[in-house]
Amino acid sequence: MMDRRRILWGVLGAAVAASTGACASGQSRPTNRVQRGGFSDIAFADWTDAEPEYVLYPGDEIDVALPTASELNRTLRVGPDGRIALPLIGQAMAADRTLAELEYTLSEAYASQLVRPVVEVTLKQAGPIQVWVAGEVRTPGVFSMTGDINAFQAVIQAGDFLPTAKPEQVALIRRGPGGRGMMRVVDLRPRHGEIVALRRNDILYVPRSTLGELANFFTQFRNAMPIGFNYSINGQYQSF
């Protein structure tokens, strides 16, 4: 299997070449153009703006109901570790699961305690939108956002670009359908860049020179990412 770092370097290098090639030839780039490497052996999935099925995150509030055992019904908030605690079965991992997946998991857990248990899980209130801003910004980290926010606003929240930043070559990483990681290059120069709406758990990486630095970012900060920032690359889930 090709080393993942080599794949990332190749994909990101191709993305940068695609973004700079048009400028070098004097051609203008269309707004919101998706830029990524043309590698068929993965790394990042093809970009899509389609909304994937909702998965639960820390901070979400959910109702867990058992119609045949209503005394066990609970309204719970997914904890910082991604877990919830329920009577009879104790803790269960809820983060990074769809509502249907959590229903199945809890039904299986209650099967040792109840006869043919049926569990219904509904989202009562979504937790805050969190995005990760890293690279050449003054205060990189995870930021909680209230309401809709675009990529440039997130950079401002992170203290704005450093003088060494390349705001025209910012990497936006997003979890797409099936949990697969997607990447596109966005231009966030003030008054010149794109207006890019962010989604929960998006990652913005602002490079110093080229997007090849993103490979090192994955290596250095993978274990620092909070629960929920999970993506699938090469068919295997990675927690960046």
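The largest pocket of this predicted model encloses about 520 Å³ of space. Its lining comprises 24 residues, and those lying nearest the pocket centre are Pro-52, Glu-53, Val-55, Tyr-57 and Arg-175. By residue class, the lining of the largest pocket divides into 9 nonpolar, 6 polar and 9 charged residues.

Two of the residues nearest the centre of the pocket, Glu-53 and Val-55, also appear among the contacts of Thr-98. When residues up to four places away in sequence are not counted, Thr-98 touches Glu-53, Tyr-54 and Val-55. Thr-98 sits in the loop that runs between strand 4 (90–93) and helix 2 (99–110). Is Thr-98 buried or exposed? Thr-98 has a relative accessible area of 8%, and because the cut-off for a buried residue is under 20%, Thr-98 counts as buried.

**Overall composition**

The protein contains 4 helices and 12 strands. Of its 240 residues, 45% are buried. Among contacts in the protein with a separation of 6 or more, 58% are between residues 24 or more positions apart.

**The three-stranded sheet**

An open sheet is formed by 3 strands in the order 2-1-5, with antiparallel pairing. Its edge strands are strand 2 (74–77) and strand 5 (120–125), each of which pairs on one side only. On average, and with direction ignored, neighbouring strands of this sheet are turned by 30° against each other. Helix 2 packs on the sheet and touches strand 1 and strand 5; the direction of helix 2 makes about 135° with that of strand 5. Helix 2 is also the element that follows the loop holding Thr-98.

Within this sheet, strand 1 (residues 61–65) pairs with strand 2 in the antiparallel sense over 4 bridges. Ile-62 stands opposite Leu-76, a residue of strand 2.

**The five-stranded sheet**

A second open sheet has 5 strands in the order 7-6-10-8-9, and here the pairing is mixed. Strand 7 (141–145) and strand 9 (181–186) stand at the edges; each has a single partner strand, so one side of each is left without a neighbour in the sheet. Neighbouring strands of this sheet are turned by 25° against each other on average, direction ignored.

Strand 6 takes part in pairings of both senses. With strand 7, strand 6 pairs in the antiparallel sense over 5 bridges, and the two strands form a hairpin with 5 residues between them. With strand 10 (residues 203–206), strand 6 (residues 129–135) pairs in the parallel sense over 4 bridges. Which residue of strand 7 is the bridge partner of Gln-130? That partner is Ser-144. On the strand 10 side, Val-133 has Leu-204 as its bridge partner, and Gly-135 is matched with Val-206.

The strand pairings described above are collected in the following table.

| Strand pair | Sense | Bridges |
|---|---|---|
| Strand 1 and strand 2 | antiparallel | 4 bridges |
| Strand 6 and strand 7 | antiparallel | 5 bridges |
| Strand 6 and strand 10 | parallel | 4 bridges |

As a general point on strand geometry, side chains in a regular strand alternate between the two faces of the sheet.

Conventions: Residues numbered from 1 in each chain as written. Predicted model: local features only at pLDDT ≥ 70, side-chain atom pairs only at ≥ 80, totals over all residues. Heavy atoms only, no water. 1 Å grid on protein atoms, 1.4 Å probe; cavity = no way out; pocket = protein on both sides within 12 Å on 5 of 7 lines; lining within 4 Å. Points joined across faces, edges and corners; volume = space filled by probe spheres on them. Nonpolar A, V, L, I, M, F, W, Y, C, P; charged D, E, K, R; others polar. Buried < 20%, exposed > 50% of the residue type's maximum accessible area, 1.4 Å probe, protein only. Contact = heavy atoms within 4.5 Å. Pairing = 2+ DSSP bridges. Axes fitted to C-alpha atoms, helices over the stretch in contact; angles between N-to-C directions.
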